[in-house]
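Please walk through the structure shown here and explain its local features in turn. Running paragraphs will do.

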Amino acid sequence: MHPVLQLSGLRQLPFLSRRFITPVLCDYPQYASADEMSRFTESLTKHNRHRYVAVFYHLLDPQRIPKAADLEIWTEENACNSRAALKSLVNLFSTRPPKDAAPDLWPRIAAWIEFFSTFDDLWRTLMPLPSRKDFYFLFMTFCSHICVKNDRNLQLVASTPGIRLLALRSWYSLSDADFTRSEDVLHIIHDIIVDGVGLSLQEVIEGSQGNLHNFASLLMRQCEPVVPHDCAPSQEVAMDNFWLFRLASDVVAVVDNLADPQNRGIVPRPLCEALLSLGFIKTVTMVGCAMCQHALQRSLGSMEWRFLTNCVLLLEIMLRGRRPDHVLHTALKFDLLRIVLSCALIEPSDPIHCTLSVLIANTLTPATIYCSALPDLVYAESQVTSAMEIRNSGVREAWIMFRNLLRSRGRILELFNSNERISQRACDNVKCGTISEKKNLKRCSECLASCYCSSECQILDWQRGHRESCTWHRLYRQTIRVGFTPKEHAFMRFILQHECGENQLALTTDYLHARQRDPQAMLLTVYDYTSGQLKIERRAREIKNLADENENKEYWMDVIDRVSKSAGRLTLDVMRVSAGKIRYELILPMCWVSPDIPRALEELISQGDELSESEMKTRVEEIMQREPPTHCIV
């Protein structure tokens, strides 16, 4: 036992001091009465209580802790022992006992703290107790004192059962003003929660009254001195309080298990999702941008670079698998792209480049098919520097690919928004197929999907099968509206038609080769935009198998029926896109503007075995030059 905890040392105290101590030093099962304990407590001052650590240690004997079964009856013994222990804890927390005494002292403190925290509401009705805020604050201050620069004591404290929940309660007790002036307390809370096994999501929810958003609000309150919730993009981050954000981000990484590479593909992350709804994306982006600005002025230390890497990881995880809505808009507004390029200038072997490549390829590039996100992306890209200084080949290739695609889609958006754009559509009567401006066609008033050039065509298509399929067209339209706004859907159709027109020769040649391999099968062309880039997949399947693969089976069957009766003028095409974590297959059959083109192509297919690949390509070029090459999406 440490000398400061031994009662023998009390003999050196003056008699006036010892006369109040002796009555309370009763061996269990004896206990000090309320009057004796009161006289002893009144003799304590902030100048002399450090002399009585041995007395406090004696009164915290775990044998004095009342049994749970005995709490139904309020006895004088339980009251006196509990009152003595409480007074001892409060006075002990206010002193600075030697750190070497912690291994002997801590088990008794932990036992009584667990007792008081478990039956807190009961004891507050039976005896006066300090406020929860004051008690927990004193407790964490004591923990900070014995653990600072002492890994052994920190391990002892952090391994105590229930300590993480106590640390969480102490954290909740802090007011907004306490965050900037309680650095020692926040650091010990951080060390307890982050070190060792870490705070689990279940413990967070349990300590947050069953609501994870309470914990997210706590983290946002802690970050408020760093990045105020109403700050403007031009406002500087309070770097003096930067440590508050660092502690909060470390806790997020532990709770959502972001550090484990094997779990990085798991979405959603519950705490990140809760923080997103409170505007945490702005906080992370502004802090990351401030770090990048500091990196331009001076070289950052290894710990600072590691933290910047964590910021990029947080951004990538919070943006991953989401629609490019206000979250991406906010990140771009607060210089997300500047962070990406600044971090890309780090040593090529740094692990941050893997996260940057994923962020560019899986978040930024897929967002280029959304008309709502393109203006923000185009403007943000115009404000950053060139990618030629990026030394990591993977990040450089991902960035250049994204930049080129973004600029191309930006030009398409300008055309989409201009008055020069002419929306064409084919008449849905397969026997007609007239191509006309969309505004000149008449819609079916029930499904609002099918269009016709005349009343006669509408009647003929109604007799062909639209009588039965009208409901399926309406349900399919409602399905698409769940994932996309009408303008987003129209822009995606416009992108597909525009990019197919630019690559018409290569696509037609590839189409013919696929038809030659299996002339009797229905050919499905999938234009995959889930990665942002156009990837084409040809699938030759039986008609019934094509319908079975899609959840909108009845609508599929109607589209397949129309394609099969169009004499090659209609092709079966699907545009695959993603809206957040959900993938959609937009059924967009295309129609040749001129009916002469499919006839000429069918002749080539029948002669395929007699033509070489170069001859086939030459013949396709001749057909494309002779007839308008434009496809029109039905």
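Is L448 buried, partly exposed or exposed? The model is a predicted one, and in it L448 has a relative accessibility of 37%, so L448 counts as partly exposed. This residue sits in the loop that runs between β3 (442-443) and β4 (451-452). Its backbone has a phi near 60 degrees, which is a positive value in a residue other than glycine.

K149 can be read in a similar way. Its phi is near 55 degrees, again positive in a residue that is not glycine. The loop that holds K149 connects α7 (132-147) and α8 (151-158). With a relative accessible area of 84%, a value over the 50% cut-off, K149 is exposed.

Another backbone feature is found towards the start of the numbering. Y28 and P29 are joined by a cis peptide bond, with omega about 15 degrees. P29 belongs to the loop between α1 (15-21) and α2 (34-42).

A further loop, between α21 (374-382) and α22 (393-417), contains R391. The relative accessibility of R391 is 49%, and R391 is therefore partly exposed, since the exposed class begins over 50%. From R391 to A514 there are 123 residues in sequence, and the C-alpha atoms of the two are 41 Å apart in space.

The helices come next. Two packed helices are described by the angle between their axes and the distance between the axes. For helix α9 (residues 163-172) and helix α11 (residues 183-194), the angle is about 145 degrees and the axes are 9 Å apart. Their crossing is left-handed. On the α9 side the contact is made by I163, R164, A167, S170 and W171, and these meet L186, I189, I192 and I193 of α11. By type, the residues of this contact are 7 nonpolar, 1 polar and 1 charged.

How many residues of helix α19 are buried? In α19 (residues 336-344) the count is 8 of the 9, so this helix is largely enclosed by the rest of the structure. The buried residues of α19 are L336, L337, I339, V340, L341, S342, C343 and A344.

One of those names is a cysteine, C343, which leads to the question of disulfides. A search of the whole structure finds 0 of them. C231, for example, is in no disulfide, and the nearest cysteine sulfur, that of C289, is 12 Å away. C231 is buried, with 7% relative accessible area.

Why does C451 form no bond with C447? The sulfur of C447 is the closest cysteine sulfur to that of C451, yet the two are 8.4 Å apart, which is too far for a bond; a disulfide needs the sulfur atoms within 2.5 Å. C451 is buried as well, at a relative accessible area of 1%.

The last stop is a pair of strands. In a regular strand the side chains alternate between the two faces of the sheet. Strand β7 (residues 570-579) pairs with strand β8 (residues 582-587) in the antiparallel sense, over 6 bridges. Within this pairing, R576 has E585 in β8 as its bridge partner. The two strands form a hairpin with 2 residues between them, and in that hairpin G580 takes a positive phi near 70 degrees.

Terms used. Residues numbered from 1 in each chain as written. Predicted model: local features only at pLDDT ≥ 70, side-chain atom pairs only at ≥ 80, totals over all residues. Heavy atoms only, no water. Helix = DSSP H or I, 4+ residues; strand = E, 2+ residues; numbered from the N terminus. Buried < 20%, exposed > 50% of the residue type's maximum accessible area, 1.4 Å probe, protein only. Axes fitted to C-alpha atoms, helices over the stretch in contact; angles between N-to-C directions. Left-handed = near helix turned anticlockwise from the far one by under 90°. Contact = heavy atoms within 4.5 Å. Nonpolar A, V, L, I, M, F, W, Y, C, P; charged D, E, K, R; others polar. Pairing = 2+ DSSP bridges.
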